[in-house]
Amino acid sequence: MTEYAFEPCPPATVAVAGSDKRFPVRRIFCVGRNYAAHAREMGKDPNREPPFFFTKPADAVINSDQTIPYPSLTDNLHHEVELVVAIGTGGSNIPVSAAKAHIWGYGVGIDLTRRDVQEEAKRLSRPWDWSKAFDNSAPCGPLVQAAEIGHPTHGRIWLGVNGQLRQQGNLSEMIWSVPDIVSLCSESVELKPGDLIYTGTPSGVGRLAPGDSVRAGIENLGEIAITIGARGAHKTL
Ligand code: MN
């Protein structure tokens, strides 16, 4: 038996809807741009370029009904509501036609983004990590098994802040489908059980402030609610 220098951290987990079981999170992959209207609002051509991926640490995941501190380093924290794909069966070079068999379930996630840090990274051709992969940056609502709901291809996806609708779209507007994304991601890395893939956001991304109450949902799938707390004790701008 391996003896560790200290007790390893338990894995980050996400709630499973209607169950006491938890989904253990291995890694978090995110698609950069996957809805034409959001690509346009970010000043990009929405033509069907191959998707690109970035990552967040597994322990950036935050379950629904939590309050998270307003993150450090930013004065422009943004919300991006996204369909989250939860991988149950790993694989490399998964064909599009076989991708659904690797999916355990789905959830509603929010890709929190330090937009000002991201804009600087883009301008200076630096990595996106510090704009995307910070503590508590990956809220994810309860996961629902594909065995129960199938594989959603359409349905309203929305996010509101303090009761005001900010983002609204439909899963049918995704440029790259979920099977496309699973297949493409598996060409770059060997997917493993427990991996989450955030599949991109519709238009309407915007600023969050301390005290904001955020609620988001996907039709026939579920919802997530988080509250943005006060700025943390760490350095701010
Ligand atoms: Mn995103």
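These are my notebook entries on salt bridges, a metal site, one helix, two enclosed spaces and two single residues in a predicted model.

**Entry 1, salt bridges.** I searched the whole structure for salt bridges and came away with 9 of them. I began with aspartate 195 and arginine 27, whose side chains meet with an N to O distance of 2.7 Å. I then looked up where the two partners sit: aspartate 195 is in the loop between α5 (178–188) and β15 (196–198), arginine 27 is in the loop between β2 (22–24) and β3 (28–31), and the pair links parts of the chain 168 residues apart. I noted that aspartate 195 has a relative accessible area of 0% and is therefore buried, whereas arginine 27, at 25%, is partly exposed.

**Entry 2, lysine 132 and its partners.** I turned next to lysine 132, which forms a salt bridge with glutamate 80 at 3.3 Å, N to O. Because lysine 132 belongs to helix α3 (residues 129–132) and glutamate 80 to the loop between β7 (77–79) and β8 (81–87), this pair ties together parts that are 52 residues apart in sequence. I recorded both lysine 132 and glutamate 80 as buried.

I also found lysine 132 in a salt bridge with aspartate 111, with 2.8 Å between the closest N and O atoms. Aspartate 111 sits in the loop between β9 (103–110) and β10 (113–114) and lysine 132 in helix α3, so here the parts tied together are 21 residues apart in sequence. Following these pairs further, I wrote down a network of salt bridges that links Lys56, Glu80, Asp111, Arg115 and Lys132.

**Entry 3, the manganese ion.** Which protein residues are the donors of the manganese ion? I found Glu80 (OE), Glu82 (OE) and Asp111 (OD), which lie 2.0 to 2.2 Å from the ion. I noted the spacing of these donor residues in sequence as E-x1-E-x28-D. Glutamate 82 is in strand β8 and aspartate 111 in the loop between β9 and β10, so that I logged them as a pair linking distant parts of the chain, 29 residues apart. Glutamate 82 counts as buried because its relative accessibility is 0%, and aspartate 111 is likewise buried, at 0%. For my own cross-reference, Glu80 and Asp111 are donors of the ion, and both also appear in the salt-bridge network.

**Entry 4, the cavity.** I counted cavities of 30 Å³ or more and obtained 1, and I put the volume of the largest cavity at about 80 Å³. Of the 13 residues lining the largest cavity, those closest to its centre are Gly32, His38, Glu80, Gln118 and Trp128. Helix α2 (residues 115–123) gives the most to this lining, with 3 residues. Sorting the lining of the largest cavity by class gave me 4 nonpolar, 3 polar and 6 charged residues.

**Entry 5, the pocket.** I then looked up the largest pocket, which holds about 160 Å³ of space. Its lining includes Lys100, Tyr106, His151, Trp176, Val178 and Pro179. By class, I recorded 7 nonpolar, 4 polar and 1 charged residues in the lining of the largest pocket.

**Entry 6, helix α5.** Is α5 largely enclosed or largely open? I found that 8 of its 11 residues are buried, so α5 is largely enclosed by the rest of the structure. Among the buried residues of α5 are Val178 and Pro179, two names that I had already written down for the pocket lining. The buried residues of this helix pack against β3, β4 (53–56), β8, β9 and β15.

**Entry 7, two single residues.** I placed valine 161 in strand β13 (residues 156–161), and its relative accessibility of 3% is why I count valine 161 as buried. Leaving aside neighbours within four places in sequence, I listed His79, Arg166, Leu208, Asp212 and Ser213 as its contacts. The C-alpha atoms of valine 161 and leucine 124 are separated by 31 Å, with their positions 37 residues apart along the chain.

Glutamate 41 is in helix α1 (residues 36–41) and, with a relative accessible area of 36%, is partly exposed. Beyond four places in sequence, glutamate 41 is in contact with Pro202, Ser203, Gly204 and Val205. Valine 205 is 164 residues from glutamate 41 along the chain, yet I noted 8.7 Å between their C-alpha atoms.

Note on methods:
Residues are numbered from 1 along each chain as its sequence is written. This is a predicted model: local features need pLDDT of at least 70, side-chain atom pairs count only at pLDDT 80 or more; totals for chains, interfaces and linings use all residues. Side-chain values use heavy atoms; hydrogens and water are left out. A salt bridge is a side-chain nitrogen of Lys or Arg within 4 Å of a carboxyl oxygen of Asp or Glu. Helices (H or I, at least four residues) and strands (E, at least two) are DSSP runs, numbered from the N terminus. Buried means under 20% relative accessible area, exposed over 50%, partly exposed in between (1.4 Å probe, protein chains only). Contact means heavy atoms within 4.5 Å. Donors are N, O and S atoms within 2.8 Å of the metal (3.2 Å for Na, K and Ca); water is not among the atoms, so sites may look incomplete. On a 1 Å grid over the protein atoms alone, a cavity is a set of points where a 1.4 Å probe fits but cannot get out, and a pocket is an open set with protein on both sides within 12 Å along at least five of seven lines; lining residues have an atom within 4 Å of a point. Grid points are joined across faces, edges and corners, and a volume is the space filled by probe spheres set on the points. Ala, Val, Leu, Ile, Met, Phe, Trp, Tyr, Cys and Pro count as nonpolar, Asp, Glu, Lys and Arg as charged, and the others, Gly among them, as polar.
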